[in-house]
Amino acid sequence: MMKKISKEDMNRFIQSLLSDYTVYAPVNIDGIFSFKPITNFQGIDLNYQNSKKPPKEIFFPQSETMFEYEKGKVTSAEKVSRKRILLGIRPCDAKANLLLDNVFAGEDYQDVYYINKRENTIIIGLGCRRPLSTCFCTSFGGSPFSRDGLDILLIDIGNKYIVDVVTDKGKEILTDKFTEASEEEVKLAEKIKRETEKRIKSEVKIEGVKEKLDTMFESPFWDKLSERCLGCAVCSYLCPTCHCFDIADEAKDSQGRRIRNWDSCMFPLFTLQTSGHNPRPTDKERMRQRVMHKFNYFIENYKRAACIGCGRCILNCPVNIDIRKVLKEILTN
Ligand code: SF4
Ligand code: SF4
């Protein structure tokens, strides 16, 4: 179903959502975009390329209380207190959520904290009209205007948005401000889509990477690749599909809480055992783990790579390790 809404009416619509929903949207703080709960549509800035931190934190927060207790009384934090809208996320990041679903809401494990947030959130995506030179979503079957993982996709066509309603959940929140898009407007949106896709120049070959990695566990390739790595873990913290966490108990007298925090396979402490032994003692083993997990183990488990080509790890690695080049080198190794 293709609808449209003017940008002015969109602002009014967002404002009206605030009475029933917690709305998370892109906010510009000193030039850095991230998704925050907003109190007014004026706080939103949709004129962005992508957020620095991925919106995975809306479902899997960087630090999250699982339960609290006091004198034997336990209060779980698994339920969300209010329905939520995640507004303005890029299609690549919506696709990353689908990958995370395999881990947190798959057949083997159901994580109630994640699932409650997912089920109570309506996702309104915003097509990406200005992809960066580091974007390579099309290499993973994605597109700057992919509908996967979205309830509604907005396409900016100037003074209005074309509104592609993807799911019933998306349909539920429409108001009479949304009217039928004309044939010409839909054609314009299609033209924008085609032209934008052509601007994605990075193409990475994924086919054959898993099979190649099957033979490379002991390869000297990892020594060379990890030489430059600082072990800062920026690549995994900012990756929309990385999902490792650590659980800690904080207690004082008869009260306390259990929390979980993002962790990273790039840190030595991640695999340090109580005995003092560490099965991944150097950057080499840790770098190998990150690449293997994304492009070998994840494919083995879920039939798809744990990467959506957002380019955040490329943009933010302080020593310019570029996953596109790494994949190319693996294929030619
Ligand atoms: S961001 Fe770069 S330097 Fe930091 S851990 Fe990742 S690969 Fe290593
Ligand atoms: S490009 Fe980098 S940050 Fe983005 S999904 Fe792939 S591995 Fe993660």
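# Asking how we know

Reader: How do the residues of the shell around ligand 2 divide into classes?

Author: Eight are nonpolar, three polar and two charged. Keep in mind that this is a predicted model.

Reader: What makes a residue part of the group around ligand 2?

Author: Its C-beta atom, placed from the backbone, has to lie within 6 Å of the ligand. Of the 13 residues there, Cys 239, Cys 307, Cys 310, Arg 312 and Cys 313 come nearest.

Reader: And which classes make up the shell around ligand 1?

Author: Eleven of its residues are nonpolar and one is polar, with no charged residue. Among the residues around ligand 1 are Cys 229, Cys 232, Cys 235 and Cys 317, along with Leu 230, Met 266 and Ile 321. Gly 231 is in that group too, and it goes down as polar because Gly is counted with the polar residues.

Reader: OK, zooming out. Why is the chain called as compact as a globular protein of that length?

Author: You set one value against another. The radius of gyration is 21 Å, and the globule rule gives 20 Å for 333 residues; the two are close, so the chain earns the description. Along its principal axes, the C-alpha trace spans about 65 × 60 × 40 Å. The secondary structure in there comes to eleven helices and twelve strands.

Reader: Into which domains is the chain divided?

Author: Domain 1 covers 2-198 and domain 2 covers 209-332. Their centres, taken over C-alpha atoms, are 26 Å apart.

Reader: What makes a pair of residues count as a contact?

Author: Their C-beta atoms must lie within 7 Å. The contact between the domains takes 32 residues from domain 1 and 27 from domain 2. On the domain 1 side, β4 (63-70) and α2 (91-104) are the elements that give two or more residues. That side has 15 nonpolar, eight polar and nine charged residues.

Reader: How do you know which strands are the edge strands in the open sheet of four strands?

Author: Check the partners. The order is β5-β4-β12-β11, with antiparallel pairing, and β5 (73-76) and β11 (245-252) each pair on one side only.

Reader: What makes β11 and β12 a pair?

Author: The test is at least two bridges found between two strands. β11 and β12 (residues 255-262) have eight, in the antiparallel sense; one example is Ala 251, whose bridge partner in β12 is Gly 256. β4 and β12 pass as well, with seven bridges, and Phe 67 stands opposite Arg 258 in β12. β4 and β5 have four bridges, with Tyr 69 opposite Val 74 in β5.

Reader: What do β4 and β5 form?

Author: A hairpin, with two residues between the strands. Lys 71, in the turn, has a positive phi of about 45°.

Reader: Why is one side of β3 and of β10 left without a neighbour in the sheet?

Author: This is the open sheet of eight strands, in the order β3-β2-β6-β7-β8-β9-β1-β10. β3 (32-37) and β10 (179-180) have a single partner strand each, so they stand at the edges.

Reader: Which way do β6 and β7 run, parallel or antiparallel?

Author: Parallel, joined by five bridges, and Ile 85 stands opposite Ile 122 in β7. The pairing of this sheet as a whole is mixed.

Reader: Which strands does helix α1 touch where it packs on the sheet?

Author: Helix α1 (residues 7-17) touches β1, β2, β6 and β9, and its direction makes about 95° with that of β1. Helix α5 (residues 183-198) packs on the sheet too, touching β1, β8 and β9, at about 90° to the direction of β9.

Technical notes. Residues are numbered from 1 along each chain as its sequence is written. Chains are lettered from A and ligands numbered from 1 in the order in which they are written. This is a predicted model: local features need pLDDT of at least 70, side-chain atom pairs count only at pLDDT 80 or more; totals for chains, interfaces and linings use all residues. Domain bounds come from an automatic or database domain assignment. Two residues are in contact if their C-beta atoms, placed from the backbone, lie within 7 Å. The radius of gyration is taken over C-alpha atoms; the globule rule is 2.2 Å times the number of residues to the power 0.38. Axes are lines fitted to C-alpha atoms, for helices over the stretch in contact, and angles run from 0 to 180 degrees between N-to-C directions.
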